[in-house]
Amino acid sequence: MDGTTIAALATAPGPAGLAVIRVSGPAAGSLADGLCAPGTAVPPSHLAGGTFRFYRLRDPADGSPLDEAIVLMFRAPHSYTGEDVVEIQVHGGRAVPARVLNALLALGAAPAGPGEFTRRAFLNGRLSLEQAEGVMELVGARSERAARAAAELLSGALGKRVNGAYDALLALCADLEATLDFADEDVGGILPVPHLHARLEPVLAELDALMALFREGRLLREGALVVLSGPANAGKSTLFNALLGTNRAIVTDQPGTTRDSIEESFFLDGIVLRLVDTAGLRATGNEIEREGIARARALAKSADVVLFLRDVTAPAVASIPEAPADGPPVIRVYTKADMLSTGAAVPEDGILLSAQTGQGMDALFAALRRVLQLRADHLSAPAVTINERHAALLQSARKELEAACSLYDSCAEEAAVPAASHLREAARTLGSITGRSYTEDLLDNVFGRFCIGK
């Protein structure tokens, strides 16, 4: 940090009861003073930390009124960023917050970049790196379950587990290197191979346990891609509308009505399902419809689960594959059950469903829960989850530990030095999760995904 004082709007622009402008840095108080009329009895810079006061703000350029505001003062190091922070609460909307922010910039504040407030919180030791990511995930949470998981990350639950593994590796490195330093002084010789494995087993188990949490974390952050696929007129759009509870997709008796993919969000047990209605699969000479079918097949290949629909009253079309051989799991759904004639054969290899009457909906939800492995206690506090960055670093650390074990097993005395190097690299990699080791490029990558004002 270069000692600059930054400012940004901390709330979303647009109509609202309040808007908050955040200012952080050594000149935060004096910049806020510049918005007050000369002779103000107690300017913001004189406020004690954790207190607030009502002010009438004026444009420092011409003295015209800006707004009536509440100004809160937070003193370093007991603030979000660890610096002096002023938060100015003004009326919401677009014009008023913009005028106040522009006045602060004219007084000398620098515009904050994406995530710069949280970046300063990390650099000042107020948050670890994975906790900072928890802030971003909490802001972007799309469901209660995702918000709970983000709150767990922000609480430091992941950092505690990663730091435990990090400290264990550093201690092992120290012991291994100590035996190397004193190998010629008859202090017990090189660290025995079984001893090394015994020390690494709990670390490896912890890394594996954390990596197993990636799938749930991805579902919470991104949602599960659920693609409705099948022949034309199989009832995909009707089911799509029924699940959403609105007529989002056009439904007609004419085959080929849906020619492009339509995506909407649907919640199941606190997980966002990215529900996609696709073009009906069939042979067609229409170029636009062929493109829609090509997109439908591509979506089915990348889905988390495919709902393959067939009209139970129509003959099966064997030439239409349900999904690629190496593709996602498929749930067969036989639609239009309400139109099935009495005594007709009922398929037993899927779910018999009527979007019109609701028959089979509970069975469909149960099948989705099984395939997506959703926990029954979805509203309870979830386990710690990890994101893609964490997963990549955990996998990299595990490879370093495997390399250390392989070298040490081959010849402990000759391989002790390179093995110790692998152990330290594994520790450094784990430190990149929490920020105990970091580079500016890493911080740019993490905080560059934040919104401005956070």
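**Exercise 1.** State how many helices and strands the protein chain has.

*Solution.* The protein chain has 14 helices and twelve strands, where helices (H or I, at least four residues) and strands (E, at least two) are DSSP runs numbered from the N terminus. The model is predicted, so that local features need pLDDT of at least 70 and side-chain atom pairs count only at pLDDT 80 or more, while totals for chains, interfaces and linings use all residues. Residues are numbered from 1 along each chain as its sequence is written, and side-chain values use heavy atoms, with hydrogens and water left out.

**Exercise 2.** Follow the pairing of β2, starting from β1.

*Solution.* Begin with β1 (residues 6-9), which is joined to β2 (residues 14-24) by four bridges in an antiparallel run; two strands pair if DSSP finds at least two bridges between them. The link between β1 and β2 is a hairpin through four residues, and Ala 8 has Arg 22 of β2 as its bridge partner. Next, β2 pairs with β5 (residues 85-93) over eight bridges, again in the antiparallel sense, with Ser 24 opposite Val 85 in β5.

**Exercise 3.** Give the strand order of the open sheet of six strands, and name its edge strands.

*Solution.* The order is β8-β9-β7-β10-β11-β12, with mixed pairing. The edges are β8 (262-268) and β12 (351-352), each of which pairs on one side only. At the β12 edge, two bridges join β11 (residues 330-335) to β12 in a parallel run, and Val 333 has Ile 351 of β12 as its bridge partner.
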